[in-house]
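Let's take a friendly walk through a protein model. Have a look at the picture first, and then we will go through some of its numbers together.

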Amino acid sequence: MKAAILGAGNIAASMAQALGGLDDSLVESYAIAARDYDRAEAFARKWGIKKAYGSYEEMLEDPLVDLVYIATPHVFHYEHAKLCLEYGKPVLCEKPFTVKEWQAEELFALAKEKNLLIAEAMWTRYMPSRQMIQDVIDSGVIGEITSMAANLGYEHINIERMRRPELAGGALMDLGVYPLHFALMFFGDQIKEITSTCVKLETGVDAQESMTLIYEDGRMAVLYSSMLVHCNRLGEINGTKGCIEVQNINNCEEIRVLDEKRQVTARYPVPEQINGYEYEVLACKRALEQGLLECPELPHEEILKVVRLTEYLRKEWGVIYPFEQ
């Protein structure tokens, strides 16, 4: 499979690293496109990518491109995913998939019409650690599960893209989606009630927020995200006989099981990886080989659930982007 990257920013470099670490017989790091050829050519040279293009359209016209990874800012995801589909290219779009629910629904409809795969690059959904955590839950070792807590925060206050509402900035869309996905992966979507609050920057975007999901069966998920501080990134799933600690919900480093006395009774290291991005690419490869239009690890309906949640939360906080008014 020949993989191409649309956009040459920081996140594109992470994907290039992953592609470069994969066996070429599985996935080839084939092409990069930027709005400026010199930038694309420098990126290709640095990461050992075969072809560089000075426009997105030119790369999409290349018949050898099998999958396009979209690495542009959030606000452009809908536009660029649609462009790829219109050129007949399967898409792996960086998170958040879209800003608005209607955008996601339109992309799914277009992909179905053109019989093309479209997926979201929410890497935690594809990592081996996801099934490892689920296996520990299913073992019953921590008893009846009653609640969870998860946080993710990095000091990103000086990243211009995250400060700007016109670029769909704020902590929720970059960071808060991870705790939300964590909750949906392990507690599902039967949510009865959501309470939340946020603190905003002077630009109007959310700087940090707390979100509490109350489930129909009485379970509770307490979530937090921030662009102001570096958090411990811990995920904790609590049961009547102990708890599971997920070290770093953003890219799990270890899973620990603790008993009622808070004593560690088991540790599960995760498999070695290139950088974690490879799992979503390989999932797309499998889906393409099977003729699927979505990845089983993250079906379209699951993508929509998170888009709806982020749209709902922003509305509750009054975080409205200029292009939404």
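What distance should the 12 residues of helix α1 (residues 10-21) span, and how far apart are its end C-alpha atoms? At 1.5 Å a residue, the expected span is 16 Å, and the end C-alpha atoms of helix α1 are 17 Å apart, which agrees. Keep in mind that this is a predicted model.

Now see which parts of this helix are hidden. The buried residues of α1 are A12, A13, M15, A16, A18 and L19. An α-helix has 3.6 residues a turn, so residues three or four places apart point the same way. The buried residues of α1 pack against these elements:

| Partner of α1 | Residues |
|---|---|
| β1 | 2-6 |
| β2 | 28-33 |
| α2 | 37-47 |
| β4 | 67-70 |
| β5 | 91-94 |
| α9 | 278-289 |

Next, step back to the whole protein. It has 10 helices and 14 strands. With 325 residues, a compact globule would have a radius of gyration near 20 Å, and the protein agrees because its value is 20 Å. Its C-alpha atoms fill a box of roughly 60 × 45 × 35 Å along the principal axes.

Of the 325 residues, 57% are buried. Among contacts with a separation of 6 or more, 67% come from residues 24 or more positions apart.

Finally, the outside: the accessible surface is about 13800 Å², and carbon and sulfur atoms hold 48% of it. The protein carries 33 positive and 50 negative charges, and the mean positions of these two groups are 1 Å apart.

Definitions and conventions:
Residues numbered from 1 in each chain as written. Predicted model: local features only at pLDDT ≥ 70, side-chain atom pairs only at ≥ 80, totals over all residues. Heavy atoms only, no water. Helix = DSSP H or I, 4+ residues; strand = E, 2+ residues; numbered from the N terminus. Rg over C-alpha atoms; globule rule 2.2 N^0.38 Å. Buried < 20%, exposed > 50% of the residue type's maximum accessible area, 1.4 Å probe, protein only. Contact = heavy atoms within 4.5 Å. Areas by Shrake-Rupley, 256 points an atom, 1.4 Å probe, with all protein chains shown as cover. Lys, Arg positive; Asp, Glu negative; His and termini not counted. Charge placed at Lys NZ, Arg CZ, Asp CG, Glu CD. Expected span 1.5 Å × (residues − 1).
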